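Reader: I should like a close look at a single part of this model, namely its nonpolar interior. Please describe the contacts there and then place that part within the wider arrangement of the chain.

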Amino acid sequence: MALTSKGLAYLILAYVFIGLALIFREPSLTAFVVPNAILLLFSSRKPPVKAPRLSVTRRMYPPRSFGSEHIDVTVRIQNDSIENIDELQLKDQIPESLKLESGSEAVTISMQPNEQAQLWYRISAPRRGTYVLGPILFRTTDIFGFHESSGEITVLDDVSVLPKMEKLGAIELRARRVGPWPGSIPSRKIGPGTEFFELRSYMPGDDLRRINWKASAKSGRLMANEFEGEQVTDVLVVVDCSEGTMSRLFDFDVAELEVSLAASLCAQLIHQGNRVGLSVYSAVRTWVDPGFGKRQLLRLVNSLAVVTPGKASVPLKYAVESVIVSVVPARSVIIFISPLMGEETVDVIEDLTTKGYGVICFTPVAGSRTEGMTDSMILARRILASERRIKLIDVSKKARVIEFSPEIDVRYALRRWRPWRRA
Amino acid sequence: MEALEKSIENINWHWNIIRSAHLALIVFTFLGLAATFPTNLIVIAAFGSGWGILFGAWALLKGDWLWSRAAILVGGVMLSVAVLIQIASKTILQALPGLLLAYVLILFSAEALALTRQHHPTYSKDKKGSQAYSVMLQKSVEHMTRRTIRLASVLGGCYVITLAVLFLGDVFVTALPALSDISLYIVAVSVSLALLLILRED
């Protein structure tokens, strides 16, 4: 087993003293060689340092984090060899973007055969995403570190940091098409619901609570209330995180806010029993088929966690026409979250409404900060803002537009917003 | 939870005790080095020792690689100067036990600083943690204590053996003046040991 750089340094130091003794013709200087020689001899007499047999498991709690939530990581290590490990240095590899809150990802310990040890640390992620923990690096040395054995144990685990989700409260949707399952969207058909729909003659077997006594008194025969059925609909959330989200027209991180809003909307819509799908238009296109339930929500937020804003590889129009139109039934609801910066965004929304989809467009509020900008930059920004304003007016003729920014509470904006009139 | 925090606090206290012991060692090393300087150069010795202690203390506090190296470098330079002064004044034989002690102490300080640096990341300023973290800290403290004691005994042994070699050399010289150049033997033994070692490596 070769000497480590430290061992070589000790050996070289010994020879330096021998050299000095010869140069200065001072024999007593060679006395300085003795400690080094003893240490090297002591180290070489010990059995060679072997790669340890370790079994390692990593546990994370919770396995995924929402926003600023901390994750506790425990790494269990067991010495499976029959020999003592005098010096064992362990280090769990953590991506640089993760923040170590407390505990330690590295430790130096001794281990006896079959002994167990644990590494414990708490991490938080400033940004959403999927991070990989591991591999675990190990290094065993002799007492002076003259001989070593190092390597890595491939134990890899994914940590998902999901986008922050806010409670938005009930979202009132008016879909032209509803599914057969009961939900919260008025279906314009008679069925189980809470909103009055029409009156009809009482029929034997009807619930007595449905009798409208006032109308019965007026007509002289028993009349019963009919209610408007409330059902679920298909909702597709389209997030546009293409180049426009990186525009300097906005004073905040548009992509992050879009992703967070999309996650909040998905959570609320799933909670209301709807079938929700997702389409992300960014550097990497993401598609989640519409579905119900908590598992679907997890699929949706997991997909949103890894959204990276960037130039899209295919035109938005193609992405919409090739996928959305063929997968999502016509007259469903499409929630479009976009900065409306692309040339074709308005056309796409127009196409969708023409095809019968109900479109709700969430768009960020343009910023007004001009600090650090030259006159030409301010002028360019104004032109850009004007162009966008025209697009916004065009879109608002076809779809409902809700503006958002970090300062605007989306819950308030949603409460103010009224769904379109009944057809 | 309170018991856990107390346990972590207790372990941190032990860690600070060990670091204080290491600091005492560094102070002792540099004072020992300063003592090997002649009295007319004591100001330079004090200046060097001051920087050495400062760098060492900072390295212990921060667990920093750079400051550890700086402290050891200062120690090395001071030892070299002290040896050269003794060679120039032909008093190296008398000063040899002191210089050897300083040399062994520098080696010990280097090891102590490396040990502190190795363990430093394990100790968080945060008092909060889990039971697993407390156990981990306990193991770390145990390892550090055991290692410091082992280093002290091995290096102490080295110093004693070196003194014994020197003493035996004196005895041989007294008995057989022809063997006055005992260093030849030391050189021969050292070189052969090193060669043996290298051969063993291959």
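Author: Beyond its neighbours within four places in sequence, A:Val239 is in contact with A:Glu258, A:Val259, A:Ala262, A:Val280, A:Tyr281, A:Val307 and A:Ile337 in this predicted model. A:Val239 belongs to the largest nonpolar core, which has 90 residues. Together with A:Val237, A:Ala262, A:Cys266 and A:Ile335, A:Val239 is among the members that touch the most other members of this core. The greatest contribution to the core comes from helix H4 of chain A, residues 254–271, with 11 residues. At least three residues are drawn from domain 2 (54–162) of chain A, and at least three from domain 4 (234–416) of chain A. A second core, separate from this one, comprises 49 residues, including B:Ile72, B:Val74, B:Ala95 and B:Phe108.

The wider arrangement of chain A follows from its domain assignment, which lists domain 1 (5–45), domain 2 (54–162), domain 3 (182–231) and domain 4 (234–416). Taken over C-alpha atoms, the centres of domain 1 and domain 2 of chain A are separated by 38 Å. Between these two domains of chain A, 6 residues of domain 1 are in contact with 5 residues of domain 2. On the side of domain 1 that touches domain 2 of chain A, helix H1 (5–24) and helix H2 (33–45) each supply at least two residues. By character, the residues of that side of domain 1 of chain A comprise 3 nonpolar, 2 polar and 1 charged.

Methods
Residues numbered from 1 in each chain as written. Chains lettered and ligands numbered in written order. Predicted model: local features only at pLDDT ≥ 70, side-chain atom pairs only at ≥ 80, totals over all residues. Core = buried A, V, L, I, M, F, W, Y, C linked by C-beta atoms within 7 Å. Buried ≥ 20, exposed ≤ 12 C-beta atoms within 10 Å, placed from the backbone. Helix = DSSP H or I, 4+ residues; strand = E, 2+ residues; numbered from the N terminus. Domains from an automatic or database assignment. Contact = placed C-beta atoms within 7 Å. Nonpolar A, V, L, I, M, F, W, Y, C, P; charged D, E, K, R; others polar.
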